[in-house]
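Thank you for coming; I would like to walk through a few local features together, and I will take them one at a time. Please have the sequence and the structure open beside you.

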Amino acid sequence: MKTLVLGGYGNFGARICRALAGDANIELLVAGRNAVQARRFADTLDGRVSAVPIDCNAPGFSQALAALHVDLVIHTAGPFQEQSYAVALAAASAGAHYIDLADGRRFVCDFPPALQHAFQQAGKTAISGASTVPALSSAVVDQLATGWRALHAIDICIAPAQTAPRGKATLAAVLSYCGKPVRVWRDGQWTQAPGWAAPERVEFKRLRPRIGALCDIPDLELFPARYGVRDRVMFRAALEVAATQRAFAVLAALRGRGLLKQPERLAGLLDRISGVFDALGTPLGGMVVRIEGLDPAGRPARRAWHITADNDDGPEIPCMAAILLARKLAAGDAMAAGAVTAAGLLSLAEFEPEFSRWGMVTDIVDEAPGASREQSTAAMSGALR
């Protein structure tokens, strides 16, 4: 399968290319606007790898894909929050499958109805959100809630390592909703809260406690209906250095008061100066997914899944779903033609070899349902290394 990775030498694209290079079922095209960077990176990879200078915003992008006989486009060139579906439509027009790493709420949630017809007509599969959310997060909830009678709450928090690579596009994505009203399912109804404001304490199995703030991601909209959640779905991000977390809260407050119109324009500056705080942090990051509800016996229950990534390997996690899905397509696994989100497409067991490859540790912990969310009482499963 001739697989073109758009943004193939970037922060996430390069990781995906390294994982797919050498796969017997894949011919890899490292694609981006800078031909020199694409070639330099492609030369470091094994297997059938070529560099392709290409601009997804240029006229004739679809024709360029068709001329290259591309079978699969993996779109990593974010941020996706303000993007159109032009790349996906170009892939459909060229007769190629499509996967992206989008975490933009509207981009992912509106993707199936917007692209369904085009990909059904092309006889190809299009998948949006093949990243930490909603691909991995849904796999975790599916595993934790197996057999449960009801889900009352889902709380998710990502905790990146301070010294892990960030990238301008990632910062622009999170800044785009900093201080903006975010629609959330809380107390059994839809309400609003400002993004990145009012951080709260979050406990992790193998990380120190952090303060996490609301992020606007697809799960907030997809999960209440997908799981029939009664009370709450929440997603937070918890930066390692508290000063940086509070700085985002200040930006959120400024935007809320109309004093800062477009904080995403600060992404480049923040990316350049964020390294100043690296000495205060570590290369250790992670994620926690907590659920509350009624277990198979109908008893109140709370359960949490944790993952811890050392050595600044946390950015590998957002790439794993796209890698797994690309391998499935290349191996000829049947996937229905049309457009879908990545929620529910992969099981947690399918991610586990990737966690092990990077020495990441996972834990499932049963927590006392009558206690606070931070109190845990029994570890159910040990580490996967």
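I will go through one helix, one strand residue and one pair of helices, bearing in mind that this is a predicted model.

Let me begin with helix α12, residues 317–330, which has 14 residues and reaches 21 Å from its first C-alpha to its last, close to the 20 Å expected at 1.5 Å a residue. Because 12 of those 14 residues are buried, α12 is largely enclosed by the rest of the structure; the buried residues include Ile-317, Pro-318, Cys-319 and Met-320, and, further along, Leu-329 and Ala-330. The helix is followed by Gly-332, whose phi is positive, near 90°.

Ile-317 brings us to Ile-307, since the contacts of Ile-307 include Ile-317, along with Gly-285, Gly-286, Met-287, Phe-355, Met-360, Val-361 and Thr-362, when residues up to four places away in sequence are not counted. Ile-307 lies in strand β14, residues 300–309, and counts as buried because its relative accessibility is 1%. In space, Ile-307 is 6.6 Å from Val-288, C-alpha to C-alpha, although the two are 19 residues apart in sequence.

Finally, how do helices α8 and α10 pack? Helix α8, residues 168–175, and helix α10, residues 242–256, meet at an angle of about 50°, with their axes 12 Å apart, and the two are therefore oblique to each other. On the α8 side the contact is made by Leu-171, Val-174 and Leu-175, and on the α10 side by Phe-248, Leu-251 and Arg-255; these residues divide into 5 nonpolar, no polar and 1 charged.

Key
Residues numbered from 1 in each chain as written. Predicted model: local features only at pLDDT ≥ 70, side-chain atom pairs only at ≥ 80, totals over all residues. Heavy atoms only, no water. Helix = DSSP H or I, 4+ residues; strand = E, 2+ residues; numbered from the N terminus. Buried < 20%, exposed > 50% of the residue type's maximum accessible area, 1.4 Å probe, protein only. Contact = heavy atoms within 4.5 Å. Axes fitted to C-alpha atoms, helices over the stretch in contact; angles between N-to-C directions. Parallel < 35°, antiparallel > 145°, perpendicular 65-115°, else oblique. Nonpolar A, V, L, I, M, F, W, Y, C, P; charged D, E, K, R; others polar. Expected span 1.5 Å × (residues − 1).
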